[in-house]
Amino acid sequence: MIKRFKAWRWKMMKIIFVVGMFGDFGMTLLVASILMSMVSMYATVKGGQNQAKIAAANAARMRQQALREQEAAERRAEIAKIQRDRERRSARVAYAASGVDIGEGSPLIIEAEDDYRSEVNQQTIIATGYDIAGQTRSAAAIEVARGNAARSQAYGSAAGQGASLLGNVYMAKYG
């Protein structure tokens, strides 16, 4: 939409400056050209600001997603711990039912090894969730930077349009 407007605006400016050589009517067309350029500059700036707002909103959603991922990882780790505790209780009952003393020997070593593996598994689940959350936060920072770049580009484009307008006014008057 903006590109079509810019192309249309430049065509109109050419017509205005060609016709502008002819007296008061030319001055009216020059004023109209200035007004059109100002509207175009405003639309460019507003578009950049809107892109920055959209990027900020997207980044906020990404940061919320990162927090949810961390919380989900902690829940998954807690569920794994609960599941391991149930398995341990079942194993103790089975050992006791078969007459094995679980306070010493091989059952104690096996239980200690299972406890270690369970703890490593829980920490891996949490670390993975935090890594994903960190990646999501990085993507949010990139989104904010893109929005800021779009806003800056819009200001630069508007300034360029203003300079072009001044050049056209100069050419119309002194050209």
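The dialogue below reads a few features of a predicted model.

Reader: What does the secondary structure of the protein come to, and which pattern does the protein follow along the sequence?

Author: The secondary structure comes to 3 helices and 0 strands. Along the sequence the pattern is α-α-α. Two of these elements recur below: helix 2 covers residues 23-97, and helix 3 covers residues 106-174.

Reader: What share of the contacts with a separation of 6 or more is between residues 24 or more positions apart?

Author: Such pairs account for 79% of the contacts in that class. One pair of positions can serve as an illustration of sequence distance against spatial distance. Ser164 and Ser37 are 127 residues apart in sequence, while their C-alpha atoms are 9.3 Å apart in space. Ser164 sits in helix 3.

Reader: Is Ser164 buried, partly exposed or exposed?

Author: The cut-off for buried is under 20% relative accessible area, and exposed begins over 50%. Ser164 has 23%, so it is partly exposed.

Reader: How much of the protein is buried, and what is its accessible surface?

Author: Of the 175 residues, 26% are buried. The accessible surface is about 11800 Å², and carbon and sulfur atoms hold 63% of that area.

Reader: Which residues form a nonpolar patch on the surface?

Author: Val31, Leu35 and Met38 form one, with about 280 Å² of accessible area together. Leu35 belongs to helix 2.

Reader: How many salt bridges does a search of the whole structure find?

Author: The search finds 9. A pair counts when a side-chain nitrogen of Lys or Arg lies within 4 Å of a carboxyl oxygen of Asp or Glu. Three pairs are taken in turn here.

Reader: Where do Lys81 and Asp85 lie?

Author: Both are in helix 2, 4 residues apart, which is about one turn of the helix. Their side chains form a salt bridge with an N to O distance of 3.4 Å. Lys81 has 35% relative accessibility and therefore counts as partly exposed.

Reader: Which parts of the chain does the pair of Arg92 and Glu111 link?

Author: The side chains of Arg92 and Glu111 meet in a salt bridge at 2.6 Å, N to O. That pair links distant parts of the chain, with Arg92 in helix 2 and Glu111 in helix 3, 19 residues apart. The two ends fall into separate accessibility classes: Arg92, at 35%, is partly exposed, whereas Glu111, at 16%, is buried.

Reader: Are Arg146 and Glu143 buried or exposed?

Author: Arg146 has a relative accessible area of 55%, so it is exposed. Glu143 has 16% and is therefore buried. Both lie in helix 3, 3 residues apart, about one turn of the helix. The salt bridge between their side chains has an N to O distance of 3.9 Å.

Reader: Which residues do salt bridges that share partners join into one network?

Author: The network joins Lys81, Asp85, Arg88 and Asp115. Lys81 and Asp85 are the helix 2 pair discussed above.

Reader: Which residues does Gln122 touch, not counting residues up to four places away in sequence?

Author: Gln122 touches Ala77, Ala80 and Lys81. Gln122 is in helix 3. Its relative accessible area is 9%, so Gln122 is buried. Lys81 thus appears twice in this reading: as a contact of Gln122 and as a member of the salt-bridge network.

Definitions and conventions. Residues are numbered from 1 along each chain as its sequence is written. This is a predicted model: local features need pLDDT of at least 70, side-chain atom pairs count only at pLDDT 80 or more; totals for chains, interfaces and linings use all residues. Side-chain values use heavy atoms; hydrogens and water are left out. Helices (H or I, at least four residues) and strands (E, at least two) are DSSP runs, numbered from the N terminus. Buried means under 20% relative accessible area, exposed over 50%, partly exposed in between (1.4 Å probe, protein chains only). Patches are made of residues with over 30% relative accessible area and no salt bridge: like charges are joined within 9 Å, nonpolar side chains (Val, Leu, Ile, Met, Phe, Trp, Tyr) within 5 Å. Accessible areas come from the Shrake-Rupley method with a 1.4 Å probe; for residues, only the protein chains shown count as cover. Contact means heavy atoms within 4.5 Å.
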